[in-house]
Amino acid sequence: INRFAVLVDRSTHVSFARATVLGNSDGVGTGMRIINSRYVTVRDSLFDGNVDGITLLTSPDSLLVRNRFINGQSDGMKIVDSQRIIASGNSCSGFVPLPLAHPDCIQFWSVVGKPLQSDIYVLNNSVIGAQQGFASFDPHTLSGTRFTFAGNYAAVTYVHAISCLGCTDSRFEDNVMSSLPNSPHRANFFAPTGLGNSFSNNNIFDLRGMTGPVEQILPSRIWSSLVPSIAGLVGSQHDDREWRAQALLDLELELDSQSGGGTSPTPEPATWVMLGVGFLFIGRSLRRRQALPVVLA
């Protein structure tokens, strides 16, 4: 029997913020199941000990940001049959996979006979440990179209670091992927060339067999300053719709403090293009600064 700590069905403009959802680590149960809904926000929450953290089914225009998934047994998030999604600044660590499982931090798939998943932004997420990274590879249909994978970090023991098999008109940039030293597999980056896809500054490392403290030998990550075209338009209207990773928010506060200004409210959607220019400079600043340490949670 499937069990869910939280079930959202046929709802709109729902927000969960700073929640803690605890599982029993007993191989049964999903932290949160969202189905047939729209404009849902799940942010700044902790999912601990669930088989799957969040399952989002047929729920477009949703925002999944800055959530932590720890001590899980399968996937951090499943995003299925949904369009216009931002999944940003989420992290997965400390997973203990079920037998025969191939757990992903974030997994996507389209459904046969329904529109392809599209306009999905996968930004500045991280996974460290016994999992796969960020994958869309349903064998029965094309994965989706207009996916953007940018600034993601995957240090894993399974094969798929980032995969978007069959994806079209998609974008891959500033992603860092690595096999962990104890990994039995080489982590790989799978995405089709052509079909309107573009690639820029993706880095992949094989650390198998290396010795020493893991936090010292892992590669540094790259933070993406990319602004989604749907920023400010998805997620619940009852929340602030802030989509950026915590590191970018912290940097903004630091720069604001140095300039002596006050913190401004969340911009309206019409201002995102102007802010995008500013984020490009922030991104360059991030890359010039000493890389933030990788934290093993």
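A salt bridge, as I will use the term, is a side-chain nitrogen of Lys or Arg within 4 Å of a carboxyl oxygen of Asp or Glu. Arg-146 and Asp-119 form such a pair, with the closest N and O atoms 2.9 Å apart. The two residues link distant parts of the chain, since Arg-146 sits in strand β17 (residues 144–150) and Asp-119 in strand β14 (residues 117–123), 27 residues apart. Strands here are DSSP runs of E of at least two residues, and they are numbered from the N terminus.

Before going on, I should say that this is a predicted model, in which local features need pLDDT of at least 70 and side-chain atom pairs count only at pLDDT 80 or more, while totals for chains, interfaces and linings use all residues. Residues are numbered from 1 along each chain as its sequence is written, and side-chain values use heavy atoms, with hydrogens and water left out.

Let me return to the pair I began with and ask whether Arg-146 is buried, exposed or partly exposed. I call a residue buried under 20% relative accessible area, exposed over 50%, and partly exposed in between, using a 1.4 Å probe and protein chains only. Arg-146 counts as partly exposed because its relative accessibility is 39%, whereas Asp-119, with a relative accessible area of 18%, is buried.

How many salt bridges does a search of the whole structure find? The search finds 15, and I will describe two others. Lys-78 forms a salt bridge with Asp-52, where the closest N and O atoms are 2.8 Å apart. Lys-78 lies in strand β10 (residues 77–80) and Asp-52 in strand β7 (residues 52–57), so this pair ties together parts that are 26 residues apart in sequence. Lys-78 and Asp-52 are both buried.

The other one joins Arg-66 to Asp-44, again with the closest N and O atoms 2.8 Å apart. Because Arg-66 lies in the loop between β8 and β9 (68–70) and Asp-44 in the loop between β5 and β6 (46–48), the pair ties together parts that are 22 residues apart in sequence. Arg-66 counts as buried at 10% relative accessibility, while Asp-44 is partly exposed, with a relative accessible area of 22%. The side chain of Arg-66 also makes a polar contact, meaning a pair of N or O atoms within 3.5 Å in which, within protein, one must be able to donate a hydrogen and the other to accept it, and residues adjacent in sequence count only if both atoms are side-chain atoms. Its partner is the backbone oxygen of Glu-242, which the Arg-66 side chain reaches at 3.3 Å. If we take contact to mean heavy atoms within 4.5 Å, and do not count residues up to four places away in sequence, Arg-66 touches a list of residues including Arg-43, Asp-44, Ser-88, Glu-242, Trp-243 and Leu-249.

From that loop we can step back into the strands. Strand β8 (residues 62–65) points Ser-62 and Leu-64 one way and Leu-63 and Val-65 the other way, and all of them are buried. This fits a general pattern, because in a regular strand the side chains alternate between the two faces of the sheet. Two strands are said to pair if DSSP finds at least two bridges between them. By that rule β8 pairs in the parallel sense with β5 over 3 bridges, and with strand β11 (residues 85–88), also in the parallel sense, over 4 bridges. Leu-64 takes part in both pairings, being the bridge partner of Val-42 and having Ala-87 as its own bridge partner in β11.

In β5 (residues 38–43) I would also point out Thr-41, which counts as buried at 1% relative accessibility. The Thr-41 side chain reaches the backbone nitrogen of Ser-236 at 2.8 Å, and beyond its neighbours within four places in sequence, Thr-41 is in contact with residues including Phe-16, Leu-63, Ser-236 and Asp-239.

Finally, the structure holds 2 disulfides, a disulfide being a pair of cysteine sulfur atoms within 2.5 Å. One joins Cys-92 to Cys-105, with an S to S distance of 2.2 Å, and it is right-handed because the torsion about the S-S bond is about 80°. Cys-92 lies in strand β12 (residues 91–93) and Cys-105 in strand β13 (residues 104–109), so the pair ties together parts that are 13 residues apart in sequence. The other joins Cys-164 to Cys-167 at 1.8 Å, S to S, and with -70° about the S-S bond this link is left-handed; both cysteines, Cys-164 and Cys-167, are buried.
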